[in-house]
Amino acid sequence: MEFLQITLTGWVALSIAISMVFLAGLMFILGRERFHYVWGVFCIAIAVWAWGFYMVSLVHDAASAQFWWKISYIGTILNPFLYFHFTLEFIQSKLFHRFKLVALTVLYAIAFVFVYLNLTTHLIVNQVTFLFGQLYYDTPPGALHLYFMTLFLALIVWSLYLIFHEYRKRKNDTFFRQRATYFFIASAIAYVGGSMNFLPVYGIEVNPVTNFAVAFGAIFIAYAILRRGLFEVKVIVAQVLTLILG
C-alpha cells in the first residue's frame, strides 16, 4: 500500500518520528523534574529510530538501506538504557541513590560501545534482505545482535520490576501508584507492539506496522508524568492562539 510513494510502514515510522520530536519539546518546556527531561531524551531516541526506519522505507538499494538501519539502531540501542535511567529517576529509591551515578555511568559506557560498534562494524546490523515487497530489512543479524537483545530485555524487565516494587511499597502514595499504573500499561503496549520490529530480523516475517504502539505508549507515559502540569499546557495553547489571532 503506497500513498505519495510512501508505504504504510513508512507512514507509521514518519508519524512516530514527528510525534516524538513534538513530545520531547513538550517535556523540555513543561518539565520540572529530572525524570521529565530524561523522558524527553528517551523520546528523541525513539524519533531517531523511527526516522531511520522511515528512510529505510524510501530507499531502493541495499547499501543505502544498511546505512539508514545503522542510523536507526542508534535510537534502538539507547532506548533500554534511557528507559532504565528514567525508572531510577522516577522511583527515587534510596537503595539506588548512593550508587546511581556509578551504575548509570557504566550502563551508558556500555551503550556507547554498542553505538560505536553499530556504526563502525557489521556486528549488529550485518546484512539487509528485501522483505514484504517494500523495504530492505536488517536480516540476518550481526554476531552481537542477540547479545544486545538480551541486554535490552534485561533492562526493560528490571525497570518494570523496580516500578512494581515501589508500587507495592508505597501503598499510601495514591498519586505515585496512579502514575505507576499508567507506566505499566503504556510500557506493555509500547514494547509488545515495538517487539514486532525485531521478528523479521530473526526470520519471522511479520510486517512491523504495530510500531505505532511505541508512539502511543510514550505519549501515554508523558501524560502520566506531566499530569499535574496539564493546566500549563492549556495556558500556553491559549496564549499561542491569542497571538495568532492578534
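Helix 7 (174-195) gives the lining of the largest pocket its largest share, 6 residues; helices here are DSSP runs of H or I with at least four residues, numbered from the N terminus. This is a predicted model, in which local features need pLDDT of at least 70 and side-chain atom pairs pLDDT 80 or more, while totals for chains, interfaces and linings use all residues. Residues are numbered from 1 along each chain as its sequence is written, and side-chain values use heavy atoms, without hydrogens and water.

Let's stay with that pocket. On a 1 Å grid over the protein atoms alone, a pocket is an open set of points with protein on both sides within 12 Å along at least five of seven lines, and lining residues have an atom within 4 Å of a point. Here 25 residues form the lining, and Phe152, Tyr191, Gly194, Ser195 and Phe198 lie nearest the centre. Helix 2 (34-58), helix 3 (62-91), helix 6 (145-169) and helix 8 (212-225) are among the elements that each supply at least two lining residues.

Now turn to the largest nonpolar core, a set of buried Ala, Val, Leu, Ile, Met, Phe, Trp, Tyr and Cys residues joined through side-chain atoms within 4.5 Å, where buried means under 20% relative accessible area with a 1.4 Å probe, protein chains only. This core has 70 residues, and Ile16 and Met20 are among those with the most contacts inside it. Helix 1 (8-30) and strand 4 (135-137) are among the elements giving it two or more residues.

Both Ile16 and Met20 are among the buried residues of helix 1. Beyond its neighbours within four places in sequence, Ile16 is in contact (heavy atoms within 4.5 Å) with residues including Ile46, Trp49 and Phe212.

Notes. 1 Å grid on protein atoms, 1.4 Å probe; cavity = no way out; pocket = protein on both sides within 12 Å on 5 of 7 lines; lining within 4 Å. Buried < 20%, exposed > 50% of the residue type's maximum accessible area, 1.4 Å probe, protein only.
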